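Here is a short briefing on one protein model and its ligand. Please keep the structure open while reading.

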Amino acid sequence: MEIIRDVQEMQRRCGDLRRQGKRIAFVPTMGYLHEGHLSLLREGRRQGDVLALSIFVNPIQFGAGEDFEAYPRDLERDCELARREGVDLVFNPKRDDLYPEGFATHVTVSGLTETLCGESRPGHFQGVTTVVCKLFNIIGPDVALFGRKDFQQLAVIQRMARDLDLAVEIRGMPIVREADGLAMSSRNVYLGPAERNQALALVDSLRLARRLVVSGARRAAAVLDAVEQRIRREPLAEIDYIRICHQETLQEMEEVTPDSVLLLAVRFGKTRLIDNHVLFEELNP
Ligand code: AMP
């Protein structure tokens, strides 16, 4: 496994591999790897001849007062986990190399980014699409893997890839959960014991919504009410949003259909958690 920090060197190395006819699979991350990231790497390993992983805590997707400085980092451990998953190339660029003095170009996807997480995190998705576009240009992947945990992010990146004719297949992967159901996230380490316990209300409310839909509920308002009541039982929970939206357009829906996704963002103390479920799909257990 090679660890590359230099942008030009990574671009050269990936260019050489592509000229040799190698298919490159790419998993972009901010590091502090957990089983969710590893599931993407395993699928990437199956998809590509070469598996590239980027580890970069991207400053431009954090707003003022967000957790850029505090974001957990452990490059050594990440590299050990990556090695075990058969990663070939780890790209760990320096901030100033990706964003040198005078950096002035951003990628903006309109429509999908102003809603949901974009409401409380203005500029966040522009930071994401800009860095992902740069990473795609450096690496030139044939396929890139993203988790459905960040449902809106996946929709935004799919839109960007289509709109900008990027020659990369974007693959969305299932949410990986802890044994008790909490969606894995690098930010879960911020949760104190009481917060961690109460955070189970998220997956619990998704399960409740799923049960309602299985038993015939189709009015989004009724499902949203039940979800809200469940989450409000937790004294530490502060709801950011609970919505039922169309999977591709992210427009709110009044009826639950096979295209509907239930999306949640809830704060527990200083930690903002997101989760979601496509209501016509099974949710185990
Ligand atoms: P991050 O390091 O948080 O930027 O995440 C990197 C990638 O891992 C993104 O595509 C995320 O959607 C994905 N990811 C994060 N958590 C999970 C999870 N619990 N299950 C599946 N994918 C995940």
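In what follows, contact means heavy atoms within 4.5 Å. The model is predicted. By that contact rule, helix α1 (residues 7-19) lies across β1, β2, β3 (50-55) and β4 (89-91). The direction of α1 is at about 150° to β4. The points below cover the ligand and then two sheets.

**Ligand site**
- The shell around the ligand has 17 residues, and His37, Gly147, Asp150, Val176 and Met184 come nearest.
- By class, nine of the shell residues are nonpolar, six are polar and two are charged.
- A polar side-chain atom of His37 lies 2.9 Å from an oxygen atom of the ligand.
- Met30 uses its backbone: an N or O atom there lies 2.9 Å from an oxygen atom of the ligand.
- Gly147 also places a polar backbone atom 2.9 Å from an oxygen atom of the ligand.
- The ligand taken alone exposes 490 Å², and the protein buries 93% of that.
- Two or more shell residues come from each of β2 (24-29), α2 (35-47) and β5 (143-147).
- Helix α2 gives the most, with three residues.

**Six-stranded sheet**
- This sheet is open, its strands pair in parallel, and the order is β1-β4-β3-β2-β5-β6.
- Why do β1 (2-4) and β6 (169-173) each have one side left without a neighbour in the sheet? Both stand at the edges with a single partner strand, so one side of each stays unpaired.
- Neighbouring strands are turned by 25° against each other on average, direction ignored.
- Strands β5 and β6 run parallel and are joined by five bridges.
- In this pair, Val143 stands opposite Glu169 in β6.
- Helix α7 (residues 151-163) packs on the sheet and touches β5 and β6.
- The direction of α7 makes about 170° with that of β6.

**Three-stranded sheet**
- The second sheet is also open, with the order β7-β8-β9 and antiparallel pairing.
- Strands β7 (237-246) and β9 (271-278) are at the edges, each with a single partner strand, so one side of each is left without a neighbour in the sheet.
- The twist averages 15° from one strand to the next.
- Strand β8 (residues 260-268) runs antiparallel to β9, and eight bridges join them.
- Val261 stands opposite Val278 in β9.
- Helix α10 (residues 220-232) packs on this sheet, touching β7 and β8.
- The direction of α10 makes about 160° with that of β7.

Terms used: Residues are numbered from 1 along each chain as its sequence is written. This is a predicted model: local features need pLDDT of at least 70, side-chain atom pairs count only at pLDDT 80 or more; totals for chains, interfaces and linings use all residues. Side-chain values use heavy atoms; hydrogens and water are left out. A residue is near a molecule or strand if one of its heavy atoms lies within 4 Å of it. A polar contact is a pair of N or O atoms within 3.5 Å; within protein, one must be able to donate a hydrogen and the other to accept it, and residues adjacent in sequence count only if both atoms are side-chain atoms. Accessible areas come from the Shrake-Rupley method with a 1.4 Å probe; for residues, only the protein chains shown count as cover. Helices (H or I, at least four residues) and strands (E, at least two) are DSSP runs, numbered from the N terminus. Ala, Val, Leu, Ile, Met, Phe, Trp, Tyr, Cys and Pro count as nonpolar, Asp, Glu, Lys and Arg as charged, and the others, Gly among them, as polar. Two strands pair if DSSP finds at least two bridges between them. Axes are lines fitted to C-alpha atoms, for helices over the stretch in contact, and angles run from 0 to 180 degrees between N-to-C directions.
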